[in-house]
Amino acid sequence: MHMESLHDLFVNELRDLYNAENQILKALPKLAKSCSSEELRQALEEHLEQTRGHVERLEQIFDKLGLKARGKKCEAMEGIIEEGKDLMDEDLEEAVLDAAIIESAQKVEHYEMAGYGTVRTWAERLGCHEEAELLQQTLDEEKEADDKLTQIAESAVNLQAMGAGR
Ligand code: FE
Ligand code: FE
Ligand code: ZN
C-alpha cells in the first residue's frame, strides 16, 4: 500500500488496532475462563466489556474520518495471542497458570498502549481533536487495565505461584 502522508499512516495504524481489538475480543473470554483467581477473572471480564467500547470508539473514528470501519490483520497481536495459547497448553499448576495469564494479558495491554499513544499523538498533530480525545479515553482504559493486572500479580497471584511446586 502506498502511503504518502502522516494521515495515511494514521489510518493504517487505526486499522491495525481495529483488527487487534477484535482479536482480543475473541481471546479474552478463554483467558478469563482459565483463571483460578476470582479477582483476576473479574478484571479480565471487566476489560472484555471495555474492549467492546474500544471497538466502538474506533468505529466512531472511522465514521468521523468518512471511512469504512475496516481492519488490517495485526500480525503482532496474532503472535502475542498465539504465544499465550502455547503457554496455556503447557501443563501449568493452577497458581502458576494465573501468573502466565497475567503475563499474556499485560503483553496485550502494552502493545495496545504503544499503538494508542502513537495514534493519539498523530491525531492531535493532524488536527483531528475529537478523534484524539476518543483515542485518549481508550489509552487511559488500557493503562488502568494494565495497572490492575500489576496490582493483582503483586498482591496475590505471584505469591501463590511462588508457593506452588514446593
Ligand atoms: Fe483495547
Ligand atoms: Fe499491529
Ligand atoms: Zn486492552
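1. The protein chain contains five helices and zero strands. Read from the N terminus, its elements follow the order α-α-α-α-α. The model is a predicted one, and the remarks below should be read accordingly.

2. On overall dimensions, the C-alpha trace of the protein chain spans about 60 × 25 × 20 Å along its principal axes. The radius of gyration of the protein chain is 17 Å, which agrees with the value near 15 Å that a compact globule of 166 residues would have.

3. On packing, buried residues account for 45% of the 166 residues in the protein chain. Of the contacts in the protein chain with a separation of 6 or more, 79% are between residues 24 or more positions apart. The accessible surface of the protein chain amounts to about 9,100 Å², and carbon and sulfur atoms contribute 48% of that surface.

4. On charge, the protein chain carries 19 positive and 38 negative charges, and the mean positions of these two sets are 4 Å apart.

5. The iron site comes next. The iron ion (ligand 1) is coordinated at 1.9 to 2.5 Å by Glu21 (OE), Glu21 (OE), His54 (ND1), Glu112 (OE) and Glu142 (OE); Glu21 is thus listed twice among the donors. Along the sequence, the donor residues of this ion show the spacing E-x32-H-x57-E-x29-E. Glu21 in helix α1 (residues 6-34) and Glu112 in helix α4 are 91 residues apart, and the pair links distant parts of the chain. Glu21 counts as buried because its relative accessibility is 1%, under the 20% limit for that class. Glu112 likewise counts as buried, at 1% relative accessibility.

6. The zinc site may be described in a similar way. The protein donors of the zinc ion (ligand 3) are His47 (NE2), Glu109 (OE), Glu109 (OE), Glu112 (OE) and Glu142 (OE), and they lie 2.0 to 2.8 Å from the ion. Their spacing along the chain is H-x61-E-x2-E-x29-E. Glu112 belongs to helix α4 (residues 94-125) and Glu142 to helix α5 (residues 129-163), so this pair ties together parts that are 30 residues apart in sequence. Both Glu112 and Glu142 are buried.

7. How far apart are the iron ion (ligand 1) and the zinc ion (ligand 3), and which residue coordinates both? The separation is 3.3 Å, and Glu112 coordinates both ions. Glu142 also appears among the donors listed for the iron ion (ligand 1) and among those listed for the zinc ion (ligand 3).

8. Met113 is located in helix α4. Is Met113 buried or exposed? Its relative accessibility is 18%, so Met113 counts as buried, the limit being under 20%. Leaving aside residues up to four places away in sequence, Met113 touches Leu139, Glu142, Lys143 and Asp146. One of these, Glu142, is a donor to the zinc ion (ligand 3). Between Met113 and Asp63 the C-alpha to C-alpha distance is 22 Å, with their positions 50 residues apart in sequence.

9. Arg125 is also placed in helix α4. With a relative accessible area of 70%, Arg125 is exposed, since that class begins over 50%. Arg125 and Phe62 are 63 residues apart in sequence, and their C-alpha atoms are 17 Å apart in space.

Conventions. Residues numbered from 1 in each chain as written. Chains lettered and ligands numbered in written order. Predicted model: local features only at pLDDT ≥ 70, side-chain atom pairs only at ≥ 80, totals over all residues. Heavy atoms only, no water. Donors = N, O, S within 2.8 Å, 3.2 Å for Na, K, Ca; no water. Helix = DSSP H or I, 4+ residues; strand = E, 2+ residues; numbered from the N terminus. Buried < 20%, exposed > 50% of the residue type's maximum accessible area, 1.4 Å probe, protein only. Rg over C-alpha atoms; globule rule 2.2 N^0.38 Å. Contact = heavy atoms within 4.5 Å. Areas by Shrake-Rupley, 256 points an atom, 1.4 Å probe, with all protein chains shown as cover. Lys, Arg positive; Asp, Glu negative; His and termini not counted. Charge placed at Lys NZ, Arg CZ, Asp CG, Glu CD.
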